[in-house]
Amino acid sequence: MSFITLEMHGDIAVLSVDNPPVNALSHGVREGLLRHVIAADEDQDVSAIVIICAGRTFIAGADIKEFGKPIEEPYLPDVVTRIEACDTPVIAAIHGTALGGGLEVALACHYRIGTSSSFVGLPEVHLGLLPGASGTQRLPRLVGPAMALDVMLIGRPIPASDAHRMGVLDKLSANDDLLADALSFVPECIAMGPRRIRDFPMPDYPDEIFDAARKKISKNARGQLAPWKIIDCVEVATKTSFDDGLKKEREYFLECMASPQSAGLRHAFLANRQVSKVPGITKDTPQRKLSSAAVIGAGTMGAGIAYNCLAAGMDVTLLDNNDDGLARGRKTVEGLFAGGVERGKISVADRDAGLQRFSTSQDYSDIADVDIVIEAVFESMEIKKAVFSELDKTIKQGAILATNTSTLSIDEIAAVTSRSQDVIGLHFFSPAHIMRLLEIVRGKATADDVIASSLAFAKRLKKFGVVVGNCNGFVGNRMLYNYGRENQFLLLEGAAPEFIDKTMFDWGMAMGPNAVGDLAGLDVGYKVRQERDDLPTDPGFYRIADMLAEMGRFGQKTGKGMYLYEKGSRTPTPDPEVAAMISGEAARLGIEQRDIDPDEIIERCIYGLIVEGARILEEGIAIRSSDIDVVWMNGYGFPAFRGGPMHYADSIGLGKVYAAVCELQERFGATFWEPPKLLKELAESGRKFSDVGTY
Ligand code: T1G
């Protein structure tokens with residue numbers, strides 16, 4: 001297959017890259033590009049070379065799917081070096097996104113023209129990598145080291161207008177015919193001749209930028225390697241020759257490529273895209289039109305979900321049976337719009353249009369014609385059943401009836417309606433307008449077109465929709481139970497809440513389990529446990545959390561939980577009263593307290609996740625192990641540089657995980673630590689969780 005086509009426009013060679021979906025620089029593209037560039041450059045009849053791409057975008061980078069496998073020649077740095085060395089002027093014509101290796105190819109070209117809607121960027125840091133084809137040496141020479149550091153450390157795509165101002169784009173394509181504009185730009189380029197960034201003098205820069213950058217990332221790049229190496233590369237660029245800088249870049253690039261952090265982040269990238277592939281659901285599966293929505297329950301979650309739907313362009317009615325509740329819900333939605341405008345995320349016009357499409361009601365007949373209803377009332381089966389009976393009587397046939405329950409059975413809720421095929425779980429995560437995860441819980445009767453519509457709905461809300469099976473707690477909360485359980489036992493065994501939290505935070509979790517409990521509200525978990533009749537009888541099981549909830553210490557919302565909170569502050573302060581309560585309860589339960597090593601804390605909390613993840617995979621509740629990783633990375637603050645709990649387990653090796661779980665079973669018994677059959681099988685056969693499920 002040829003990925004590059006050559007078309008002569010007069011004496012101009014136009015090389016068009018065509019490798020859908022995003023013209024990634026896979027081997028065939030590298031090989032074809034190099035061959036055509038050399039041929040055109042050596043052709044005396046060719047006055048200029050234009051590199052342009054077919055499809056929806058310019059080159060969006062190296063081929064991520066090739067990483068981790070032996071890379072074939074020609075290597076990208078060699079292709080880039082040859083492009084810049086051309087005696088014939090080379091122009092890059094950019095549309096869509098020129099990212100990573102794609103921008104490095106463009107920077108090797110002597111001139112760059114882009115459409116006004118295009119973006120350029122070096123986002124490698126999000127893959128635990130650095131620009132490995134001269135980006136760390138060329139960009140500083142073009143825009144200055146300080147700006148280059150920002151571009152590579154933040155890794156955000158830069159809009160064409162800014163890229164033009166920065167000098168990355170020499171020209172903006174005025175009208176929509178990029179090729180025509182590039183061809184008419186050629187004479188100017190020929191007149192100026194080849195212009196090689198490698199020869200540009202390094203622009204001035206304040207010396208302290210490198211230390212300042214290191215200080216900054218020490219706070220927000222915990223456990224990561226690439227950001228440090230990016231700073232090292234740019235510093236080298238300011239201190240050595242271009243070619244010596246390239247050598248250092250290569251060395252650091254290969255170091256990052258071999259790192260577990262990059263393996264985790266690359267896994268996260270592909271896993272986040274794999275979730276939308278659900279067996280039996282294809283692009284031909286019909287979808288239901290979703291232009292209007294109703295949200296039942298005007299609490300924090302209900303209002304957040306309503307805002308999400310409004311921000312996605314839908315007409316939304318928020319319904320509640322309580323006047324004050326409805327007023328609070330409306331205030332929350334208006335507040336979210338105001339916050340969006342303040343942070344520059346949305347325009348005033350978007351806000352006004354959104355509020356135009358927003359209404360509130362206490363009357364189910366007002367929402368009879370909506371396309372989708374999302375119930376977000378109190379987490380009680382009885383209340384949810386009452387709501388769904390009402391919906392079944394009121395809402396038009398063909399509407400999707402969704403519940404935002406975080407633990408309760410979808411089938412049991414659907415059973416109170418005459419249309420179980422239209423019922424599905426859409427489990428949002430708090431805060432609903434920020435968290436990118438949506439657990440899509442299919443009931444045993446849920447129709448394929450309802451699942452397909454829900455996947456599209458998730459994409460429209462800019463969320464990762466993960467289709468999971470119906471069980472208590474689905475994927476995320478079911479695993480959280482084990483994680484929280486071990487935290488609770490570790491408290492009784494002598495680990496202070498702040499010590500556990502610091503250990504898990506330093507390991508990479510966004511927040512420690514006790515701080516998360518206080519944020520979510522200890523009353524929420526308490527009520528869920530009260531609803532369950534299958535809880536273990538171990539007296540220490542969630543004992544401390546139950547005691548705090550029974551004392552009315554719900555966390556941030558009451559100023560007291562596991563920690564103390566100053567009025568209006570979210571900063572947790574350890575409470576000696578709680579420490580005394582824990583050691584008193586441990587004594588009462590006959591649990592001897594001891595110093596507990598951070599490694600033990602990490603092992604018990606994370607292996608608790610992995611064991612339950614294996615059971616979920618075994619039962620087919622998750623389609624594939626990477627879906628479980630997507631749930632935990634996007635809904636529970638699991639570090640993406642560790643790739644999610646199942647990828648993490650595979651990276652350690654299931655043999656080692658299985659052995660450790662057997663030891664934990666020895667110590668703490670089979671109730672909590674009996675190794676799942678799947679883990680045993682995979683460990684004994686040397687396989688991985690990623691070998692299980694549909695890819
Ligand atoms: N390689 C391989 N496949 C890629 C890819 C890539 N770089 N980028 C996207 N895809 C696939 C993706 O998996 C999905 O596949 C489909 O394209 C659509 O993607 C040496 C080392 C370009 C902004 O980090 O940010 O260059 O699921 O769903 O929302 O310095 O994709 O359909 O089978 O995301 O419209 C640097 C990564 C690489 C850019 C489009 N480049 N891509 O977003 O579609 S490292 C990146 C993106 C590098 C050099 C280094 C986005 C996008 P499938 P999508 P989208």
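**Notes on strands, a helix pair and two cysteines**

1. A good place to start is strand β6, which has both faces covered: Y111, I113 and T115 are buried on one side, and R112 and G114 are buried on the other. Please keep in mind as you read that this is a predicted model. Five of the five residues of β6 (residues 111-115) are buried, so the strand is largely enclosed by the rest of the structure. As background, side chains in a regular strand alternate between the two faces of the sheet.

2. Which strands pair with β6? Strand β4 (residues 90-94) runs parallel to β6 and is joined to it by four bridges. Within that pairing, I94 has G114 of β6 as its bridge partner. Strand β9 (residues 171-173) also pairs with β6 in the parallel sense, over three bridges. Here I113 finds its bridge partner in K171 of β9.

3. Further along the chain there is an open, mixed sheet of eight strands, ordered β12-β11-β10-β13-β14-β15-β16-β17. Its edges are β12 (358-361) and β17 (464-468), each of which pairs on one side only. From one strand to the next, the twist averages 25°.

4. Inside this sheet, you may like to look at β14 (residues 400-403) and β15 (residues 423-428), which run parallel and are joined by three bridges. A402 stands opposite I424 in β15.

5. Helix α25 links the sheet to the next topic. This helix lies across β16 (437-442) and β17, and runs at about 135° to β17.

6. Helix α25 (residues 625-635) also meets helix α11 (residues 260-274): their axes come within 9 Å and cross at roughly 105°. That crossing makes α11 roughly perpendicular to α25. On the α11 side the contact is made by H267, A268, A271, N272 and Q274, and on the α25 side by S626, D629, V630, M633 and N634. Sorted by class, the contact has four nonpolar, five polar and one charged residues.

7. Finally, a word on the cysteines. How many disulfides does the structure hold? The number is zero. For C233, the closest cysteine sulfur is that of C256, at 7.8 Å, which is too far for a bond; the cut-off for a disulfide is 2.5 Å between the sulfur atoms. Are C233 and C256 buried or exposed? C233 is buried, with a relative accessible area of 0%, and C256 likewise counts as buried at 0%.

Key:
Residues are numbered from 1 along each chain as its sequence is written. This is a predicted model: local features need pLDDT of at least 70, side-chain atom pairs count only at pLDDT 80 or more; totals for chains, interfaces and linings use all residues. Side-chain values use heavy atoms; hydrogens and water are left out. Axes are lines fitted to C-alpha atoms, for helices over the stretch in contact, and angles run from 0 to 180 degrees between N-to-C directions. Helices (H or I, at least four residues) and strands (E, at least two) are DSSP runs, numbered from the N terminus. Angles under 35 degrees count as roughly parallel, over 145 as roughly antiparallel, 65 to 115 as roughly perpendicular and the rest as oblique. Contact means heavy atoms within 4.5 Å. Ala, Val, Leu, Ile, Met, Phe, Trp, Tyr, Cys and Pro count as nonpolar, Asp, Glu, Lys and Arg as charged, and the others, Gly among them, as polar. Buried means under 20% relative accessible area, exposed over 50%, partly exposed in between (1.4 Å probe, protein chains only). Two strands pair if DSSP finds at least two bridges between them.
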